Amino acid sequence: MDMELAAMTWLYAGWGFRSTASPESFSSCWQQACMLQPQLERWPGVLCFSVLSHKATTAAGKALRGWAEANFTPLQWLDCTESDIRQTKTISTSSRLLQRFGTGSVSEALALQAALNHSAHRCSPPLAPRLLLPRIVSADRQATLAIATISAPEQTPPILKTGVFS
């Protein structure tokens, strides 16, 4: 399998959550994602879940891990620091999150960072990360989810001597 095809079988889920998030919070996000992108229900490839490292060992982080490991195989994890996601440009923008984390959406930044990390280590040349689903908020407002993928950069058509793209 070539590297681009292998990369396309991965999806990168960035999870933001409050300390009171529960398995139901994460399930709510995933159910909404599946309604928007039905192929997620039976994803044939690998999922990579990305969280902030300081939240991974909290009760909510453990609830996410337990829920995820009961529902997804194969599954990879990536813990990111706040500095990893700082300055990541996101579609969603929260002024509170911009001030606290230096990015407009923690879940979107985590998803993009996971995709970028995977692409840099496994694809030559690296492929560009893009959001498949921007931030989704759980029904109880305790968790957020964003999903990214990586794809080959679009090739610019050659310019003819007339200056017109062909």
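Let me start with the largest pocket, which is lined by 21 residues, and the ones that lie nearest its centre are Phe 17, Arg 18, Arg 96, Leu 97 and Thr 144. Please keep in mind throughout that this is a predicted model. The space in this pocket comes to about 490 Å³, and its lining residues divide into eight nonpolar, seven polar and six charged. Which elements supply the lining? At least two residues each come from β1 (10-17), α3 (53-56), α6 (95-101), α7 (106-122), β4 (128-137) and β5 (143-151), and α6 gives the most, with four residues.

Phe 17, which I named at the pocket, also brings us to the inside of the protein. The largest nonpolar core has 27 residues, and Phe 17 is among those that touch the most other members, together with Trp 15, Phe 26, Trp 30, Phe 49, Trp 67 and Ile 147. This core draws at least two residues from each of β1, α2, β2 (46-52), α4 (59-71), β4 and β5. Apart from it there is another core, of 22 residues, which includes Trp 10, Cys 80, Val 106 and Ala 114. As background for the first-year students, nonpolar side chains in soluble globular proteins tend to be buried together.

If we set aside residues up to four places away in sequence, what does Phe 17 touch? Its partners are Phe 26, Val 51, Lys 55, Thr 58, Ala 60, Gly 61, Leu 64, Gln 142 and Ala 143.

Phe 26 belongs to helix α2, where the buried residues are Ser 25, Phe 26, Ser 28, Cys 29, Trp 30, Ala 33 and Cys 34. It may help here to recall that an α-helix has 3.6 residues a turn, so residues three or four places apart point the same way. We can also check the length of α2, because its 14 residues (23-36), at 1.5 Å a residue, should span 20 Å, and its end C-alpha atoms are indeed 20 Å apart.

Is Ser 28, in this helix, buried or exposed? Its relative accessibility is 13%, and since the cut-off for buried is under 20%, Ser 28 counts as buried. Leaving aside neighbours within four places in sequence, Ser 28 is in contact with Ser 138 and Ala 139.

Finally, let me turn to His 118, which lies in helix α7 and, because its relative accessibility is 7%, counts as buried. Although His 118 and Trp 10 are 108 residues apart in sequence, their C-alpha atoms are 9.2 Å apart in space, and Trp 10 is one of the members of that other core of 22 residues.

Notes
Residues numbered from 1 in each chain as written. Predicted model: local features only at pLDDT ≥ 70, side-chain atom pairs only at ≥ 80, totals over all residues. Heavy atoms only, no water. 1 Å grid on protein atoms, 1.4 Å probe; cavity = no way out; pocket = protein on both sides within 12 Å on 5 of 7 lines; lining within 4 Å. Points joined across faces, edges and corners; volume = space filled by probe spheres on them. Nonpolar A, V, L, I, M, F, W, Y, C, P; charged D, E, K, R; others polar. Expected span 1.5 Å × (residues − 1). Buried < 20%, exposed > 50% of the residue type's maximum accessible area, 1.4 Å probe, protein only. Core = buried A, V, L, I, M, F, W, Y, C linked by side-chain atoms within 4.5 Å. Contact = heavy atoms within 4.5 Å.
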